[in-house]
Amino acid sequence: MIEQLQFWLNRLHEVAPDSAGDILGLEVLDYNEQTEEFLMRGRTQAWMRNAHGTLHGGICATMADQAMGSVACCYKRGEGILPAIELSLNYHRPLMPGENVLIRVRPLSVTRTLISTTAELYQESQPEKICTSARATYFYKEMGR
């Protein structure tokens with residue numbers, strides 16, 4: 001599964017270089033087969049801050065969505081699109097720009113057309129403290145249907 005996820009992250013870089021998802025530099029660190037949990041790392045930069053000096057909430061949402069959507073791609077059965085149809089976030093404590101973010105993602109349910117996932121974002125320097133939690137559902141539509 002690590003190879004599959006890395007494939008989707010690499011594909012993003014190939015088809016949409018310098019896009020919002022690509023600049024986060026997501027990389028796969030680990031996969032736990034028993035829990036089906038993926039661990040990724042994302043990079044942040046100083047320009048991603050808000051007026052309070054913390055990571056902008058939209059960047060947190062983009063990071064969570066990109067990580068969960070990439071994991072959802074690992075579960076689709078063929079060529080098709082996989083847009084998010086629901087995305088919700090809870091902000092527990094701030095993430096700091098310029099520091100790496102750890103993202104834990106796991107699928108909640110996979111059906112023929114819907115893939116639901118959950119994610120938790122942590123500051124790499126404090127992996128015991130959840131900063132943002134997220135949940136998303138992606139709709140799978142085969143090409144040509």
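A residue counts as buried when its relative accessible area is under 20%, as exposed when that area is over 50%, and as partly exposed in between. The structure discussed here is a predicted model, and this scale serves for several of its loop residues.

E36 is a case in point: at 32% relative accessibility, E36 is partly exposed, because this value falls between the two limits. E36 lies in the loop that connects strand 1 with strand 2 (37-42). Its backbone is also notable, since E36 is not a glycine and yet has a positive phi of about 60°. As general background, most residues other than glycine have a negative phi.

D18 shares this feature, with a positive phi of about 65° although D18 is not a glycine either. The residue belongs to the loop between helix 1 (2-15) and strand 1 (27-32). Its relative accessible area is 66%, and D18 is therefore exposed, the limit for that class being over 50%.

The two loops lead to the sheet. Six strands form an open sheet in the order 1-2-5-6-7-4, and their pairing is antiparallel. Strand 1 and strand 4 (84-91) are the edge strands, each pairing on one side only. On average, neighbouring strands of this sheet are turned by 20° against each other, direction ignored.

Helix 1 packs on this sheet and touches strand 1 and strand 2. The direction of helix 1 makes about 155° with that of strand 1. Helix 2 (residues 57-73) lies across strand 2, strand 4, strand 5 (101-110), strand 6 and strand 7. With strand 7, helix 2 makes an angle of about 50°.

Within the sheet, the pairing of strand 6 (residues 114-123) with strand 7 (residues 130-139) can be followed in detail. These two strands run antiparallel and are joined by nine bridges. In this pairing, T117 stands opposite A136 in strand 7.

A further loop residue remains to be considered. T54 is found in the loop between strand 2 and helix 2. Is T54 buried or exposed? Its relative accessibility is 16%, and T54 is buried because this value is under 20%. Beyond its neighbours within four places in sequence, T54 is in contact with M48, R49, P94, L95, M96 and P97.

Taken together, the three loop residues represent the three classes of the opening definition: D18 is exposed, E36 is partly exposed, and T54 is buried.

Definitions and conventions:
Residues are numbered from 1 along each chain as its sequence is written. This is a predicted model: local features need pLDDT of at least 70, side-chain atom pairs count only at pLDDT 80 or more; totals for chains, interfaces and linings use all residues. Side-chain values use heavy atoms; hydrogens and water are left out. Helices (H or I, at least four residues) and strands (E, at least two) are DSSP runs, numbered from the N terminus. Buried means under 20% relative accessible area, exposed over 50%, partly exposed in between (1.4 Å probe, protein chains only). Two strands pair if DSSP finds at least two bridges between them. Axes are lines fitted to C-alpha atoms, for helices over the stretch in contact, and angles run from 0 to 180 degrees between N-to-C directions. Contact means heavy atoms within 4.5 Å.
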